[in-house]
Amino acid sequence: MDTIKYVLSEERMPRAWYNIQADLPVPLPPVLHPATGRPIGPDDLAPLFPAELIAQEVATERFIEIPEPVRQVYRQWRPTPLVRARRLERMLDTPARIYYKYEGVSPAGSHKPNTAVPQAFYNRQAGVKRLVTETGAGQWGSSLAMACAFFGLECQVFMVRVSYNQKPYRRALMEAFGAQVLASPSDTTNAGRSILAQHPASPGSLGIAISEAVEVAATSGGVAKYALGSVLNHVLMHQTIIGEEALLQLEQADDYPDIIIGCTGGGSNFAGIVLPFLRDRFRGGRAPRIIAVEPAACPSLTRGPYAYDFGDTARLTPLVKMHTLGHAFVPPGIHAGGLRYHGMAPIVSHLKELGVIEARAEPQLRCFEAGLLFARAEGILPAPEANHAVRAAIDEALRCRDEGVSRAILFNLCGHGHFDMQAYIDYQAGRLQDYDYPAEEIAMALAGLPTVG
Ligand SMILES: *Cc1c(COP(=O)(O)O)cnc(C)c1O
């Protein structure tokens, strides 16, 4: 019998997250204070995050135990299935063995609750009353709103204005969970007012929305803290439960990936599936090819330099070394596929510099085409972000066909696209177009990079 689905029982759900910082051959560069240019300490982050998350950000232990209340919530949808895409393989007439780890089974429809739940838990434990955050398409905002409802926290979300107007259903979901949602830039913060003064019709960006959320948390006198859905080390670590489960499931399949693929916005779902496999590699095990896929409209990993930059537009955050398009980057409105952050997780950027991972940029039309092909074969309509990973998985499978080689391809199907139907309607109506971010625009955004001594 052809096995389709590799299921782990609840008892076999991993008990710890994996911290790659224990095994990196070269440690991460320090995070710097923008005023002094010196490495920051825990006190600098205390206005924004509870002590436990600050500790996880710099932890060096290899494994960090998942608290029981978090495991309880995870067990509602975890372990998630690992599926062998046999109908897709047949459709492509490929000898490749294609596996996808499906994170769309979470209540919010993506991998984001894997970190929203522990973040809400640790904040609740520290006596915080309210979490403030930003959201682009609304995936992160709805995941955090759900987690705050579980742990009795208030939730305030600055939603990028263009999405606020175009994605009323994600906004409605956040409000259903009890969150307050504001369009960003808003007139409720100094950061928002200053952008509106210069650009009254600003469509907003993740960088601007982060500035507003950070400002609210930092000036709340400890009542509110800030939560980020990607990029930071502790966020990537919470996502490693994806790869830890996949390792066990592939053992059941008696297989091991030759290629691992994830899409990259801030880098969290990619890191979640990839990092546990890198533990094998750094400790003398096998070395699969690892491919990060980003949109050509926001090409931080493939075209942004590896440099110190701010995480937000108003320059309120510490300086982190990452692949960046510049903190002033505002993504083109015609890009429908998400993954619009100007920077990339320091861990993912560092792995790229070490030559451990590859990166490629894909234009959006090829990604939507791949997503529809996948939907017709497997019945799941991927989130537009996930289509970038689907595209690369299909391309690698087609290469297997051309070369007559059977390779195992594993990719992270990080979310479903049920809230993104407008993007699919626009694609099917021929209203989407490809967009390569122009070199001059990148040069202009990069001219504003901070100088670090
Ligand atoms: C948020 C999101 C992403 C991008 O964020 P990463 O941190 O790069 O994972 C990708 N896919 C989905 C479905 C998302 O919700």
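## A tour from the helix packing to the ligand

Start by selecting Leu365, Phe368, Glu369, Leu372 and Arg376 in α16; these meet Ala423, Tyr424, Tyr427 and Gln428 of α18. Sorted by class, the residues of this contact between α16 and α18 come out as 6 nonpolar, 1 polar and 2 charged. Keep in mind as you go that this is a predicted model.

Now show both helices as cartoons. Helix α18 covers residues 421-428, and α16 packs on it at an angle of about 105°, with the axes 11 Å apart. That angle falls between 65 and 115 degrees, so α16 counts as roughly perpendicular to α18.

**Next: the other partner of α16**

Keep α16 (residues 364-378) on screen and add helix α17 (residues 384-403). Here the packing angle is about 80° and the axes are 8 Å apart. This pair, α16 and α17, is therefore roughly perpendicular too. To see the contact itself, select Arg366, Cys367, Phe368, Glu369, Ala370, Gly371, Leu373 and Phe374 on the α16 side. On the α17 side, pick Pro384, Asn387, His388, Val390, Arg391, Ile394 and Asp395. By class, the contact of α16 with α17 holds 8 nonpolar, 3 polar and 4 charged residues.

Two residues of α16 are worth colouring. Phe368 and Glu369 are among those that touch α17, and Phe368 and Glu369 also belong to the set that meets α18.

**Step back along the chain to α15**

Select 346-353, which is α15. How many of the residues of α15 are buried? The count is 6 of 8, so this helix is mostly covered. The buried ones to pick are Pro346, Ile347, Val348, Ser349, His350 and Leu351. For the cover, bring up α11 (233-239), α13 (268-282), α14 (300-303), β12 and β13, which are included in what lies over those residues. Past the helix, stop at glycine 355: α15 is followed by this residue, and its phi is positive, near 75°.

Now click on alanine 345, in the loop between β13 (319-323) and α15. Is alanine 345 buried or exposed? Buried: its relative accessible area is 0%. Leaving out neighbours within four places in sequence, its contacts are Val231, Leu236, Gly266 and Gly267. For a longer view, draw a distance to alanine 16, which is 329 residues away in sequence and 21 Å away in space, C-alpha to C-alpha.

**Over to the ligand**

Show the ligand as sticks and select what surrounds it: 17 residues do, and the closest are Lys112, Ser230, Gly265, Ser268 and Asn269. Three side chains deserve a distance label:

- Lysine 112 has a polar side-chain atom 2.7 Å from a ligand oxygen atom.
- Serine 268 places a side-chain N or O atom 2.7 Å from an oxygen atom of the ligand.
- Asparagine 269 has a side-chain N or O atom 2.8 Å from a ligand oxygen atom.

With those labels up, add glutamine 239, which sits in helix α11. Glutamine 239 is buried, with a relative accessible area of 0%. What does glutamine 239 touch, not counting residues up to four places away in sequence? The list is His111, Lys112, Asn114, Thr115, Ser268 and Gly272. Lys112 and Ser268 should look familiar, as they are among the closest residues to the ligand.

**Last: some backbone spots**

Most residues other than glycine have a negative phi, and most peptide bonds are trans. That is the background for the next four clicks.

First, zoom in on proline 79, in the loop between α3 (68-74) and β4 (82-84). The peptide bond that leads from arginine 78 to proline 79 is cis, with omega near -10°. Then go to proline 185, in the loop between β8 (180-184) and α9 (190-198). Serine 184 and proline 185 are joined by a cis peptide bond, and omega is about 5°.

For positive phi, select aspartate 254 in the loop between α12 (241-252) and β10 (259-263). Aspartate 254 is not a glycine, yet its phi is near 55°. Turn on the surface here: aspartate 254 is exposed, with a relative accessible area of 74%. Finish at arginine 315, in the loop between β12 (306-310) and β13. Arginine 315 also has a positive phi, near 60°.

Notes:
Residues are numbered from 1 along each chain as its sequence is written. This is a predicted model: local features need pLDDT of at least 70, side-chain atom pairs count only at pLDDT 80 or more; totals for chains, interfaces and linings use all residues. Side-chain values use heavy atoms; hydrogens and water are left out. Axes are lines fitted to C-alpha atoms, for helices over the stretch in contact, and angles run from 0 to 180 degrees between N-to-C directions. Helices (H or I, at least four residues) and strands (E, at least two) are DSSP runs, numbered from the N terminus. Angles under 35 degrees count as roughly parallel, over 145 as roughly antiparallel, 65 to 115 as roughly perpendicular and the rest as oblique. Contact means heavy atoms within 4.5 Å. Ala, Val, Leu, Ile, Met, Phe, Trp, Tyr, Cys and Pro count as nonpolar, Asp, Glu, Lys and Arg as charged, and the others, Gly among them, as polar. Buried means under 20% relative accessible area, exposed over 50%, partly exposed in between (1.4 Å probe, protein chains only). A residue is near a molecule or strand if one of its heavy atoms lies within 4 Å of it. A polar contact is a pair of N or O atoms within 3.5 Å; within protein, one must be able to donate a hydrogen and the other to accept it, and residues adjacent in sequence count only if both atoms are side-chain atoms.
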